[in-house]
Amino acid sequence: MEQGMTSKEKHLTHNTLVSLLMSLKGQQTTVDLRNRSSVTGTVERCDAYMNIEMKHVLFRDASGKAHIFEYFFVHKRNLRYVHIPPQVNMRKAVETFLDRLTIKRQEPQKVRAATLRRQQETIARVQRIKAKQTEKK
């Protein structure tokens, strides 16, 4: 879960399965790339656009040669397939991840409710002032 998500990122996180990929943080997984190579390592971070940062990576190119990297970045455009580890309950992982996002969002909602109340009070005051002005005319 990332701090400071834009509204578009929040929308993508709540309305696509990117939340499943985001919930794999810290898990060992394999990512197949469009050029027929694969990357196996620990998911360090994933954003709402499905860009993935991995660490302790074994990269296999299309010819099968293995290369080891400490850190590897997979751009969303190069992503073909993400292997979900068998021990991950996909439904529970998504629900838990989205619940954590929702809990973090509850505080700003209280602020919005207070702001809405103040706006309604201001509108009521303006209407009273307009009513008094029409009575004087």
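This report covers the domain layout, the sheet and one buried threonine of a predicted model.

**Domains**

The domain assignment divides the protein into domain 1 (7-105) and domain 2 (107-136). Between the C-alpha centres of domain 1 and domain 2 there is a distance of 47 Å. An unreviewed UniProt entry places the feature "domain: Sm" at residues 20-83. Of this span, 59% is strand and 5% is helix, and the C-alpha atoms at the ends of residues 20-83 are 11 Å apart.

**The sheet**

Five strands form an open sheet in the order β4-β3-β2-β1-β5, and the pairing is antiparallel. β4 (66-74) and β5 (79-83) are the edge strands, each with pairing on one side only. On average, and with direction ignored, neighbouring strands of this sheet are turned by 30° against each other. Strands of a sheet pair through backbone hydrogen bonds. The bridge counts for three of the pairs are as follows.

| Strand pair | Bridges | Direction |
|---|---|---|
| β2 and β3 (residues 52-60) | seven bridges | antiparallel |
| β1 and β2 | five bridges | antiparallel |
| β1 and β5 | four bridges | antiparallel |

Individual residues can be followed across these pairs. Aspartate 32 stands opposite serine 38 in β2, and the bridge partner of aspartate 32 in β5 is tyrosine 81. Serine 38 in turn has arginine 60 as its bridge partner in β3. The hairpin of β1 and β2 has four residues between the strands, and in this hairpin arginine 36 takes a positive phi near 70°.

**Faces of β1**

In a regular strand the side chains alternate between the two faces of the sheet. Strand β1 (residues 28-33) shows such alternation: Thr29, Val31 and Leu33 point to one face and are buried. Gln28, Thr30 and Asp32 point to the other face and are not buried.

**Threonine 42**

Threonine 42 lies in strand β2 (residues 38-46). Is threonine 42 buried or exposed? Its relative accessibility is 13%, so threonine 42 counts as buried, the cut-off being under 20%. The side chain of threonine 42 makes a polar contact of 3.2 Å with the side chain of glutamine 28. Apart from neighbours within four places in sequence, threonine 42 is in contact with Gly26, Gln27, Gln28, Glu53, Met54, Lys55 and His56. Of these, Gln28 belongs to strand β1 (residues 28-33), while Glu53, Met54, Lys55 and His56 fall within strand β3 (residues 52-60).

Key
Residues numbered from 1 in each chain as written. Predicted model: local features only at pLDDT ≥ 70, side-chain atom pairs only at ≥ 80, totals over all residues. Heavy atoms only, no water. Domains from an automatic or database assignment. UniProt positions renumbered as here; feature names shortened; annotations may be inferred. Helix = DSSP H or I, 4+ residues; strand = E, 2+ residues; numbered from the N terminus. Buried < 20%, exposed > 50% of the residue type's maximum accessible area, 1.4 Å probe, protein only. Polar contact = N/O pair within 3.5 Å; in protein donor to acceptor, adjacent residues only side chain to side chain. Contact = heavy atoms within 4.5 Å. Pairing = 2+ DSSP bridges. Axes fitted to C-alpha atoms, helices over the stretch in contact; angles between N-to-C directions.
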